[in-house]
Structures are given as C-alpha cells and as structure tokens.
Amino acid sequence: MNKKIANIICAFIWNKRKRDCLRNKLINPHIQKIANRYKKHIKKLKTIDRKVRICFYVTENQKWKGQVLFDELKKNNLFDVFAVFAPRTREQSRTYEAISIDFDFFSNKLNPIHLGYDIEKNEYRNLQEYNPDIVFYSQPWDIPSINSIQNVSKYALTCYIPYAIAEAITPMLKNVYSFHYLLWRHYTAHELINEQYNKTIPYVANNLKAVGYPVLDDIINNHITTKDKLYDNCVIYAPHHSFKGSWLEYGTFDWNGRYILEYAKKHPELNWVFRPHPDFKNAVINNEIMTEKEIENYFKEWNKIGSISDKGNYVNLFKKSKCMITDCGSFITEYFVTQKPLIHLRNPNAKDYNGLNDVIKETLYKVYNLNELENALKDILEKNDDLQLSNRLKLFEKLKFDRSHSTLNIIDDIIGVIK
C-alpha cells in the first residue's frame with residue numbers, strides 16, 4: 001500500500017476515535033442528567049394516589065401508529081389517557097383547513113384531545129399545562145423547543161413508538177440522535193432492530209425495549225371493522241418520496257409510476273388503491289419528475305379508475321387487499337404480516353434497510369426494471385401464482401409475529417416500573 005495513503009487511513013481512524021471520544025464526553029453527562037430526572041419521576045409515581053396521566057403528542061394523521069395502545073390504556077383504571085395535537089414546526093405555514101384535516105382525524109379517534117397550537121398567534125402550547133406524567137411522541141421530527149424531550153423530561157417520562165419500522169436505519173438516525181438517546185423508553189418492533197440501533201447509536205442501549213409493534217398487532221389479531229367493499233381484493237400501489245440525493249433513495253416512481261397507472265387502466269377487473277407517501281407529491285415536483293400540473297392529473301387519473309388512500313387508518317385496507325406494489329421501507333414489514341404477496345420496487349441506489357426489513361425483503365418479489373415488473377404483475381395478479389408464500393409463512397413463524405402483543409407488553413412494562 002502507498003505510504004501516503006496508509007498515513008491518511010491511519011489519521012482518519014485516529015481522528016474518528018478522537019471524535020467518538022469527544023462525543024462520549026459531551027453526550028454521556030447529558031444523558032445521565034436526563035436519566036436522573038426520570039429516576040425522580042418514577043419515584044414520585046410510585047407514591048401518588050391518583051391516576052397516572054398519559055399524553056399522546058400527535059402531529060400527522062398518516063403517521064399515527066398508536067391507536068391500539070391508546071384504546072387499551074383507556075380501558076385501564078390506573079391511567080388517565082388523553083391526546084394533544086400540534087402540527088410539525090416545518091408545517092406552521094399550512095392553512096387552517098389543512099391543519100383542521102389532521103385535527104378532525106384525531107378528534108374522531110382520540111378522546112379527549114386538546115389543540116396544542118394557536119394558528120393565529122403561531123404559538124405552541126406547553127405540554128406542561130396538561131400535567132402529564134408520561135408523554136408518548138408520535139415522531140421525532142420538527143418538535144417545537146418548548147415540547148422537546150430536553151424540556152418535557154423535567155416533568156414527565158418520555159416514550160416513543162416509531163412511526164416507521166424502517167426508521168432504524170443509519171441515514172435517518174443521524175438526523176435525530178438527540179431525540180433517541182434522551183428518551184426514557186423507546187419501544188421497538190423486534191430485537192433485530194435493537195441490534196441495528198446499538199450499532200448506529202450505542203448511547204441508546206438502555207432505553208430500547210423490543211415489544212412488537214401496535215400496527216402489526218392490529219393487522220394480525222383484529223378482525224376487519226368495515227363492510228365497505230371499496231377495498232375488497234384490491235391492489236395497493238404505494239410509492240415512496242425519497243429520490244436521487246435523498247437519505248434513502250428508495251423512490252422508483254420515475255421509471256414505473258406511469259407504467260403502473262396504465263396497467264391499472266387495462267385491468268378494471270381489479271380494485272386499485274393508490275396510497276402515496278405524505279411527502280410524495282412535493283418530492284415528485286421538486287425532483288422534476290413531473291410538473292405540478294402533471295402530478296395533479298396523475299392523481300385525478302387514479303381517482304377515475306380506483307381510489308386514493310391518504311389517512312393513517314389503513315389496517316382494513318391491508319387486511320382486505322390482494323397484493324401490494326411498493327418501494328417504501330415500513331410497508332415491507334407491515335404488509336408482510338398479512339402473509340399476502342408484495343412486489344418490491346427496488347432502487348439499486350437505496351442506502352440501506354433495517355435489520356428486520358433486510359430479512360423480510362428476501363421473501364418478496366423484487367423488481368428492478370419494467371420487464372421484471374411486467375412479469376411479476378402477470379404472475380401474481382393474472383395467474384395468481386404466489387411462489388414465495390411458503391417462504392413468507394416460514395419466516396413469519398420464525399420471527400414469532402404470530403405471538404405479537406405489543407400493547408400488552410408496553411402496558412405491563414409501564415405498570416411494572418411505576419407500580
């Protein structure tokens with residue numbers, strides 16, 4: 001090896017060690033400071049003679065994954081459960097009507113619920129006003145400073161159920177270090193995910209707890225709760241928003257979006273549901289894949305031949321469907337537990353998947369181009385051939401998803417600590 005190159009490599013390794021050492025010195029005392037606060041809160045909660053107040057801090061309806069847990073906690077006489085809604089900080093410029101759509105969604109599902117944001121004054125209400133003992137965050141992004149973990153930890157325990165199973169991947173975690181390592185409890189879906197968190201953020205090992213995933217509970221254990229035939233035996237097309245230059249680069253819409261729409265038009269015998277990521281439309285425009293007018297027309301075309309799903313309650317949709325076509329990360333696991341076929345649109349530049357998705361995606365129908373997509377659509381939707389079914393069933397059993405009871409595990413954990 002060239003001596004100069006060897007010296008550069010050695011210097012990089014040495015500097016990385018120094019950077020890690022410095023980060024440990026800076027982060028560890030801060031983590032300990034927050035941990036000491038949590039110890040005091042737990043000690044206090046063990047002595048109170050009232051119900052423990054649990055607050056769910058919710059932001060976007062599409063990313064809401066805690067309904068089953070909220071409902072189960074409401075049934076328990078130990079807890080006084082409520083929700084506070086506030087939009088993400090980057091969405092303060094949203095119109096009153098847009099924010100109202102989210103608030104109305106949560107108002108129909110979470111009772112009681114409070115509005116934690118004044119759109120006229122452009123101000124967030126302090127969660128401390130609601131006297132919570134435990135706060136569940138619905139996502140780590142764009143939280144106003146007044147309701148950050150640094151401040152909330154002064155008066156409450158903080159918990160998090162990831163809005164996306166795919167969140168345990170390196171690019172995303174690099175942007176939310178401070179959120180994850182300051183949590184009191186980070187409830188994850190599987191030990192495979194914990195292993196990846198520990199590799200990426202070694203500071204969070206103490207607050208990770210693999211309990212399962214509430215949405216998976218809902219999909220696996222609950223019965224369909226609607227008689228609406230709109231989703232009967234439907235095919236779901238769910239494109240992601242991460243295109244070239246993004247953290248993930250999962251997106252494949254640029255080469256298959258128009259093709260899938262045309263295929264759907266040619267097969268009216270199937271029910272079609274278009275379910276794009278919440279950030280999909282803006283990403284398509286910003287990446288110059290389509291103009292604003294073109295993407296608006298694209299949505300209108302889907303409405304003509306099928307339906308568009310854009311709300312957080314998609315359990316019935318999954319359970320009644322026939323197949324999914326997607327390049328999303330979280331849906332890999334969430335749809336896998338339905339035991340139905342998934343056509344996985346692959347981007348060769350995709351950065352990485354979490355440990356659980358890495359195992360599951362080997363049982364899916366992977367396609368990298370239109371020729372492979374055409375063959376997969378023909379086999380699964382026209383011939384009804386599902387050659388990967390036995391592999392998925394074996395993996396389902398191996399991962400123990402048939403014993404998924406995350407809500408009970410979370411409630412037992414909370415009770416075990418505070419009582």
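This report walks through a predicted model of one protein chain, from its overall make-up to its spaces and two single residues.

**The chain**

The protein chain has 17 helices and 15 strands. It counts 419 residues, and 53% of them are buried. Take the contacts between residues at least 6 apart in sequence: 73% of these join residues at least 24 apart.

**Nonpolar cores**

In soluble globular proteins, nonpolar side chains tend to be buried together. The largest nonpolar core here holds 95 residues. Within that core, Phe56 and Phe136 touch the most other members. A second core lies apart from it, with 31 residues. Phe274, Ile289, Tyr298 and Val367 are among the members of that other core.

What does phenylalanine 56 contact, beyond its neighbours within four places in sequence? Its partners are Trp64, Gly66, Leu69, Phe70, Leu73, Val81, Phe82, Ala83, Val84 and Phe136. So Phe56 and Phe136, the two residues that touch the most other core members, are also in contact with each other.

**Spaces in the model**

The structure holds two cavities of 30 Å³ or more. There is also a largest pocket, with about 1,300 Å³ of space. The table sets the largest pocket beside the largest cavity.

| Space | Volume | Nonpolar lining | Polar lining | Charged lining |
|---|---|---|---|---|
| Largest pocket | about 1,300 Å³ | 18 residues | 11 residues | 13 residues |
| Largest cavity | about 80 Å³ | seven residues | two residues | two residues |

The largest pocket is lined by 42 residues. Those closest to its centre are Glu60, Lys63, His277, Pro278 and Asp279. Three helices each supply at least two lining residues: H3 (96–107), H10 (280–286) and H13 (330–336).

The largest cavity has its own lining. Phe56, Tyr57, Val58, Lys63, Trp64, Lys65, Gly66, Phe136, Tyr137, Ser138 and Ile161 make it up. Strand E1 (52–58) and strand E6 each give at least two of these residues. E1 gives the most, with three. Both Phe56 and Phe136 belong to this lining. Lys63 lines the cavity and is also one of the residues closest to the centre of the largest pocket.

**Glutamine 139**

Where does glutamine 139 lie? It sits in the loop between strand E6 (134–137) and helix H4 (149–152). Glutamine 139 counts as buried because its relative accessibility is 2%, under the 20% cut-off. Its side chain makes a polar contact of 2.6 Å with the side chain of threonine 59. Another polar contact, of 3.5 Å, joins its side chain to that of lysine 63. Beyond neighbours within four places in sequence, glutamine 139 is in contact with Thr59, Glu60, Lys63, Arg88, Tyr160, Tyr163 and Phe179. Two of these partners, Glu60 and Lys63, are among the residues closest to the centre of the largest pocket.

**Leucine 389**

Leucine 389 is found in helix H16, which covers residues 389–398. Is leucine 389 buried or partly exposed? It is partly exposed, because its relative accessible area is 32%, between the cut-offs of 20% and 50%. Not counting residues up to four places away in sequence, leucine 389 touches Gln339 and Tyr365. Leucine 389 and glutamine 339 are 50 residues apart in sequence. In space, their C-alpha atoms are 7.4 Å apart.

Definitions and conventions
Residues are numbered from 1 along each chain as its sequence is written. This is a predicted model: local features need pLDDT of at least 70, side-chain atom pairs count only at pLDDT 80 or more; totals for chains, interfaces and linings use all residues. Side-chain values use heavy atoms; hydrogens and water are left out. On a 1 Å grid over the protein atoms alone, a cavity is a set of points where a 1.4 Å probe fits but cannot get out, and a pocket is an open set with protein on both sides within 12 Å along at least five of seven lines; lining residues have an atom within 4 Å of a point. Grid points are joined across faces, edges and corners, and a volume is the space filled by probe spheres set on the points. Helices (H or I, at least four residues) and strands (E, at least two) are DSSP runs, numbered from the N terminus. Ala, Val, Leu, Ile, Met, Phe, Trp, Tyr, Cys and Pro count as nonpolar, Asp, Glu, Lys and Arg as charged, and the others, Gly among them, as polar. Buried means under 20% relative accessible area, exposed over 50%, partly exposed in between (1.4 Å probe, protein chains only). A polar contact is a pair of N or O atoms within 3.5 Å; within protein, one must be able to donate a hydrogen and the other to accept it, and residues adjacent in sequence count only if both atoms are side-chain atoms. Contact means heavy atoms within 4.5 Å. A nonpolar core is a set of buried Ala, Val, Leu, Ile, Met, Phe, Trp, Tyr and Cys residues joined through side-chain atoms within 4.5 Å.
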